Amino acid sequence: MSKKLYETTIDYVDKKGSGRAVVWRDTGQVNPKKLKLTIPQTIPNEKVEVHVDGEGKRWIKTDYTKILESSAERVTPDCPHFDLCGGCVWQHWSYDGQLKEKTRYVKEMVKNNGFDPVLVEETIGVKGEPYRYRNKMEFTFSKEGHLGLHEQGNWRKIIPLETCLIAGKEMVDYAMEVQQWANDFHLSGYDKDEHSGLLRHLMVRQSFYTGEVMLGLFASEAPTGELEEAKAALIERVEANCPNVKSLMWFENKDWGDRTQAEEQYILSGRDFIYDEMFGFKYRLWFDTFFQTNPKQAETLVNLAIEMAQPKPTEKMIDLFCGVGTFSLPFAEKVGELAGIEIVETSIESAKRNALDNAIHNTTFLAKDARHGIDQILESFGIPELLLLDPPRSGAGGKVMRRIGRAKPERIVYVSCNPETFASDITELVPFGYELQKVQPVDMFPHTPHVETVALLTRI
Ligand SMILES: C[S@@+](CC[C@H](N)C(=O)[O-])C[C@H]1O[C@@H](n2cnc3c(N)ncnc32)[C@H](O)[C@@H]1O
């Protein structure tokens with residue numbers, strides 16, 4: 001089918017943040033054909049002109065050529081990479097507009113699963129400018145050796161980094177130092193297809209509280225032999241220009257998988273972890289430690305969870321999917337005893353160490369899949385009055401939810417980064433007599449369609 005021009009109006013935005021619309025293609029027969037379109041960088045109710053050069057039952061991705069009637073919520077994106085970058089797909093949308101959309105989406109998910117959308121509060125946005133909120137970034141080297149971010153919808157293409165408005169300013173400056181070093185030594189970037197080339201990723205992690213930075217360079221070779229000179233220059237450069245780097249790491253990654261993983265690690269300077277703080281508690285973060293990436297909003301989240309849960313010193317509590325203990329530590333101070341379950345062993349080791357570092361002695365942590373760990377903990381620890389769960393995007397799943405329901409804790413606080421799986425998970429609790437009391441959406445990731453929720457369910 002040849003490229004054709006259509007006018008259409010955006011109906012809604014999908015989970016990935018793109019506008020959705022339909023157009024009707026004239027087939028020369030009685031019934032025109034319905035084409036379903038995905039149109040990035042648009043806002044509901046905007047009238048657009050689009051080029052369509054495909055057809056079929058699936059959604060056809062297209063670019064608009066012109067905005068014919070723009071939304072009152074449209075703004076000019078601040079970032080020069082907006083058009084191409086896959087990071088902040090909503091920078092064309094006013095922050096107020098983004099928050100309204102997030103609330104609407106959570107209400108829709110809740111309603112679709114049989115709950116009253118009135119229980120969903122307005123989304124709490126970030127205070128102040130909705131930029132510079134991320135404490136961790138993973139930049140990628142292109143095969144030409146440019147450090148940057150992935151292009152939207154095209155994971156093979158890397159946009160050379162000029163700036164990144166959601167990362168801390170110092171994090172970007174330090175990344176540029178590493179880029180300059182790579183240029184000086186004409187170091188090659190990794191080629192995913194050929195499995196050749198040296199530099200793969202740069203992870204920059206900064207504590208917004210202590211200021212400490214970790215720079216983690218992922219390369220296909222160890223920093224030895226011919227790379228000794230380059231390694232020494234990197235250490236010197238970082239020492240001279242990046243005073244807050246307390247951990248400079250070189251990770252050897254020979255795997256075909258395009259991830260920041262390490263077969264071997266080398267400490268080039270400082271320690272292999274940085275210190276961070278949240279809610280007044282100290283944490284040690286290694287390169288692979290999961291930690292909330294918007295630390296300021298994470299504190300809002302913890303506060304909300306405490307407010308909803310109303311923990312008491314006489315109570316027992318389970319923190320399911322506890323990670324390194326972001327919720328466990330502040331809650332442990334308020335309950336009698338707390339047990340945490342988490343599948344990643346290093347996170348559990350970290351949670352134990354974090355409890356000790358913060359003089360918290362009423363916690364037990366178990367490294368196990370929640371589906372099995374929950375039975376073990378319920379047996380050894382007993383039935384808690386309070387249960388908090390914060391599962392990954394895929395949700396907790398029916399088996400875990402039904403096990404929670406059968407255990408009958410008085411109150412359940414569900415923290416979620418995916419309203420769809422949250423709403424479907426909590427339907428499993430209804431037959432056990434639980435009632436949804438309140439859902440509070442929180443915006444952790446401005447300019448993206450992601451939204452976090454904290455919800456309270458109680459047994460009637
Ligand atoms: C959204 S994170 C929350 C972590 C923690 N509550 C925090 O705020 O730092 C979800 C956690 O669930 C863990 N996880 C994923 N699948 C799991 C499973 N099947 N059983 C237990 N934990 C799991 C992940 O490793 C991750 O730490």
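In this predicted model, the side chain of Gln292 places an N or O atom 2.7 Å from an oxygen atom of the ligand. Thr326 makes a similar approach: a polar atom of its side chain lies 2.6 Å from a ligand oxygen. Asp369 faces a nitrogen atom of the ligand instead, with a polar side-chain atom 3.1 Å away. Taken alone, the ligand exposes 590 Å², and the protein buries 87% of that area.

The shell around the ligand holds 16 residues. Gln292, Thr326, Glu342, Ala370 and Asp390 are the closest of them. By class, the shell divides into 9 nonpolar, 3 polar and 4 charged residues.

Asp369 has a second partner. Its side chain forms a salt bridge with Arg371, and the closest N and O atoms are 2.7 Å apart. Asp369 thus has a polar side-chain atom 3.1 Å from a ligand nitrogen and a salt bridge to Arg371. Arg371 is partly exposed, at a relative accessible area of 43%.

Salt bridges number 24 in the model. One of them joins Arg271 to Glu212, with 2.8 Å between the closest N and O atoms. Arg271 sits in the loop between strands S14 (264–270) and S15 (274–278), and Glu212 in the loop between strands S11 (199–206) and S12 (213–219), so the bridge ties together parts that are 59 residues apart in sequence. The two partners differ in exposure. Arg271 is partly exposed, with a relative accessible area of 24%. Glu212 is buried, because its value of 11% is under the 20% cut-off.

Another salt bridge pairs Glu410 with Arg411, the closest N and O atoms lying 3.1 Å apart. Here Glu410 is partly exposed, at 44% relative accessibility, whereas Arg411 is buried, at 9%. The pair belongs to a network of salt bridges that also links Lys312 and Glu315.

Strand S11 contains two further residues of note. Gln206 lies in this strand and is buried, at 8% relative accessibility. Its side chain makes a polar contact of 2.8 Å with the side chain of Glu170. Beyond its neighbours up to four places away in sequence, Gln206 touches Asn135, Glu170, Met171, Gly211, Glu212, Val213, Asn244 and Ile274. Glu212, one of these contacts, is also the salt-bridge partner of Arg271.

Leu199 is in strand S11 as well. This residue is buried, with a relative accessibility of 0%. Setting aside neighbours within four places in sequence, Leu199 is in contact with Phe141, Trp181, Ala182, Leu187, Ser188, Gly189, Tyr190, Leu217, Phe218 and Ala219. Met278 stands 79 residues away from Leu199 along the chain, and 33 Å separates their C-alpha atoms.

Helix H9 covers residues 419–427. Its buried residues are Pro419, Thr421, Phe422, Ala423, Asp425 and Ile426. The cover over these residues includes both helices and strands. Among the helices are H1 (95–112) and H8 (398–407). Among the strands are S21 (411–416), S22 (434–442) and S23 (452–459).

How values were computed. Residues are numbered from 1 along each chain as its sequence is written. This is a predicted model: local features need pLDDT of at least 70, side-chain atom pairs count only at pLDDT 80 or more; totals for chains, interfaces and linings use all residues. Side-chain values use heavy atoms; hydrogens and water are left out. A residue is near a molecule or strand if one of its heavy atoms lies within 4 Å of it. A polar contact is a pair of N or O atoms within 3.5 Å; within protein, one must be able to donate a hydrogen and the other to accept it, and residues adjacent in sequence count only if both atoms are side-chain atoms. Accessible areas come from the Shrake-Rupley method with a 1.4 Å probe; for residues, only the protein chains shown count as cover. Ala, Val, Leu, Ile, Met, Phe, Trp, Tyr, Cys and Pro count as nonpolar, Asp, Glu, Lys and Arg as charged, and the others, Gly among them, as polar. A salt bridge is a side-chain nitrogen of Lys or Arg within 4 Å of a carboxyl oxygen of Asp or Glu. Helices (H or I, at least four residues) and strands (E, at least two) are DSSP runs, numbered from the N terminus. Buried means under 20% relative accessible area, exposed over 50%, partly exposed in between (1.4 Å probe, protein chains only). Contact means heavy atoms within 4.5 Å.
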